[in-house]
Amino acid sequence: APTTGYCIIGAGPSGLCTAKHALAYDSSATVTVFEQSSNIGGLWAYTERTGKDPNGVDISCMYANLRTNLVKQGMGYPDYPVDDRTSTFITIKDVQKQLDGYIAKFELKKVIKFEHQVVNVTRNFVTNQWDVLVNDLVNNRYTMHQFEFVFICNGHYSSPVIPPFPGQEEFRGQQLHSKDYRRSENYRNECVLVIGGGHSGMDIAPEISVAAAKVVLSHRCKGPIHTGDRVIQKPEVLRLTETGAKFVDGTVENFDVIIYCTGYRYSVPFLSADCGVSLHENAIGPLYYHCININQPTMAFIGLPFNACLMLMMDLQARFCMKFFSGQKQLPCRQEMLEAWHMDQTERKERSLLGKLSHMLAGDLQQRYYNDLARIADIVPLKPVLAKMHADCINSKMEDVNFRDFEYRIIDDENFTKVKLLN
C-alpha cells in the first residue's frame, strides 16, 4: 500500500509549520513542500530585486528596514519562540533567522522542493486523490504527482491590488506597489505620494519622509492618522495628471513617484473548479473553521485569517488539521461542518465582517477562534495573554506612530506588562 502523501504549497511561515506537524503527526507519511522561489520565508525572504525573479515568478517581499508591527511573541512558534534577547518589534533579519533556525531544528529542508511551481490541483475521482501538476522551473519540466492530502500555504500576499484611477496612464513619474518598495534612500529629494492608510502606508510614508523632499499620504480614514509630522495627509485621489494628482478636496500636488500601499488579495490560480471551494469577494469558502475544505475535506488552507498572532495561529491551524488528517480524530460530517460555516457567516454578516473581511479575527473573535480550534481537535490551546497583547499593539499603532518604543513582556497566561523604552 502506498504511504500517505501530504502536498504543501508554499514554504513561508505557514508551509513550514505545516510540514513540521505533518512529519510529527504521521511518521510514515511522505511530505513534500513545493516552493516556487529559491528561498524559504515567503514575504520575509528579503531581496533587493523587484519585479520578477530569474524564473519569471513575481517577487513580493518586505522592505529593508522593516520592523514588525506585531509583538514578537506572536511571531514565534510554540516549540520555537523568537530569541528572548531581541526587542518586542523585530526586524526582517530576526524573522529570517527565526525561520532558518526552525527549519534546521526540525530538519525541514529535505522535504522542500525549491523553484517548483504548482500549476494545477485537481480532484481525481477515480483514485480519490489529488492530482498536482508541478513545473520544475529551472528545467521547465512538468510532472504530475498524486497526494492524499493538500495544504494550501501560499499566503495573503501573492496578488497585489492596484486600484484604478483616471489619468493613471498619463502620469509621467514612477508608479509602484508597496511590494516593490525597498529603501527610503531611493527617493531622496523626490516628491512622493503614498496611497493607502493601512499598515503598509502608515509604515512607509513616515520612513520615506526622512529622505524625500515631500511625502503626501492619501487615505480614506475619517480624520488624520498618526504618521508623524513630516507627512502631509490628504483625502482620496480624484485623478492623476501628467505631473501629479488632484484630490477630492479640490487640491492639486505634483509628484515624482506614486507608491500604492493598497494591499493584496488571496490568489489560488492553481485550484481547479472541482476542488470544491470558491474565491469570491476575497473570501474562500466553504471552509470549516477557516481551514478545512468542507466539500473535499482532505484539503486545507493554513494562514487565511488575519488580525491574528501570525505564526502561533498558523501552528494551531496546522495542528488542528493534522489531528483529523492523521486519523487521530474523526472530522464531523459534511452537514455539521456546513452548519458551523453558516453560523460563522451569519454572525459575520451581523457584524459587517463579510467580503474582504470574511477571514478577519476582529475583537473577541480572535481568542474565541483559538479556543474553538483547541477544543474541537483536543489540542494545546493558545494562552489568552497572546491575543490580548496583539489587540493592545494594534490599538497603540492607531494612536501613536512610536508604538514600537514599547517592550511587551508576558507575566502569566492572562497578563502582560508594557514598558516605554528610553531612547
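# Exercises on a predicted model

In this model, the side chains of Arg319 and Asp315 are joined by a polar contact of 2.9 Å. The model is a predicted one. Keep it open as you work.

## Exercise 1: Arg319 in its setting

Task: Find the element that holds Arg319, decide whether Arg319 is buried or exposed, and list what it touches.

Solution.

Step 1. Locate the residue. Arg319 sits in helix H4.

Step 2. Check the accessibility. The relative accessible area of Arg319 is 10%. Buried means under 20%, so Arg319 is buried.

Step 3. Look beyond the neighbours up to four places away in sequence. Arg319 then touches His21, Tyr25, Pro78, Ile379, Val380 and Leu382.

Step 4. Return to the polar contact. Its partner is the side chain of Asp315, at 2.9 Å.

## Exercise 2: Two helices that cross

Task: Describe how helix H1 and helix H4 pass one another.

Solution.

Step 1. Take the axes. H1 covers residues 13-25, and its axis comes within 9 Å of the axis of H4.

Step 2. Take the angle. The two axes cross at roughly 35 degrees.

Step 3. Take the hand. The crossing of H1 and H4 is right-handed.

Step 4. Name the residues that meet. H1 brings Pro13, Ser14, Cys17, Thr18, His21, Ala22 and Tyr25. H4 brings Met311, Met314, Asp315, Ala318, Arg319, Met322 and Lys323. Arg319 and Asp315 from Exercise 1 are both in this list.

## Exercise 3: Aromatic rings

Task: Classify the ring pair Phe149 and Phe325, then the pair Phe320 and Phe324.

Solution.

Step 1. Start with the total. The structure holds 20 aromatic pairs.

Step 2. Classify Phe149 and Phe325. Their centres are 4.6 Å apart, with 25 degrees between the planes. Planes under 30 degrees apart count as stacked, so this pair is stacked.

Step 3. Ask what the pair joins. Phe149 is in strand E7 (residues 149-152) and Phe325 is in helix H4 (residues 310-325), so the pair ties together parts 176 residues apart in sequence.

Step 4. Check burial. Phe149 has 7% relative accessibility and counts as buried. Phe325 also has 7% and counts as buried.

Step 5. Classify Phe320 and Phe324. Their ring centres are 5.3 Å apart and their planes stand at 80 degrees, so the pair is edge-to-face. Both residues lie in helix H4, four residues apart, which is about one turn of the helix. Both are buried.

Step 6. Look for a cluster. Ring pairs link Tyr6, Phe149, Phe151 and Phe325.

## Exercise 4: Charges over rings

Task: Which rings have Lys20 and Arg123 over their faces?

Solution.

Step 1. Lys20 lies over the face of Phe106, 4.7 Å from the ring centre.

Step 2. Arg123 lies over the face of Trp130, 4.6 Å from the ring centre.

## Exercise 5: Two residues of strand E4

Task: Compare the surroundings of Val121 and Asn124.

Solution.

Step 1. Place them. Val121 is in strand E4. Asn124 is in strand E4, which spans residues 116-124.

Step 2. Check burial. Val121 is buried, at 0% relative accessible area. Asn124 is buried, at 16%.

Step 3. List contacts, leaving out neighbours within four places in sequence. Val121 is in contact with Ile9, Trp130, Asp131, Val132, Val150, Phe270, Leu271, Ser272, Cys275 and Met299. Asn124 touches Gln129 and Asp131.

Step 4. Add the distances. The C-alpha atoms of Val121 and Val268 are 9.9 Å apart, with their places 147 residues apart along the chain. A polar atom of the Asn124 side chain lies 3.1 Å from the backbone nitrogen of Thr127.

## Exercise 6: Unusual backbone

Task: Where are the cis peptide bond and the positive phi angles of Glu107 and Asn189?

Solution.

Step 1. Recall the usual case. Most residues other than glycine have a negative phi, and most peptide bonds are trans.

Step 2. Find the cis bond. It joins Gly285 and Pro286, with omega about -5 degrees. Pro286 is in the loop between strand E19 (283-285) and strand E20 (287-288).

Step 3. Turn to Glu107. Its phi is positive, about 50 degrees. Glu107 is in the loop between helix H2 (92-105) and strand E3 (112-114). At 51% relative accessibility, Glu107 is exposed.

Step 4. Turn to Asn189. Its phi is positive, about 60 degrees. Asn189 is in the loop between strand E9 (174-177) and strand E10 (191-195). At 61% relative accessible area, Asn189 is exposed.

Technical notes: Residues numbered from 1 in each chain as written. Predicted model: local features only at pLDDT ≥ 70, side-chain atom pairs only at ≥ 80, totals over all residues. Heavy atoms only, no water. Phe/Tyr/Trp six-rings, centres within 6.5 Å; stacked < 30°, edge-to-face > 60°. Helix = DSSP H or I, 4+ residues; strand = E, 2+ residues; numbered from the N terminus. Buried < 20%, exposed > 50% of the residue type's maximum accessible area, 1.4 Å probe, protein only. Lys NZ or Arg CZ within 6 Å of the ring centre and 35° of its normal. Polar contact = N/O pair within 3.5 Å; in protein donor to acceptor, adjacent residues only side chain to side chain. Contact = heavy atoms within 4.5 Å. Axes fitted to C-alpha atoms, helices over the stretch in contact; angles between N-to-C directions. Left-handed = near helix turned anticlockwise from the far one by under 90°.
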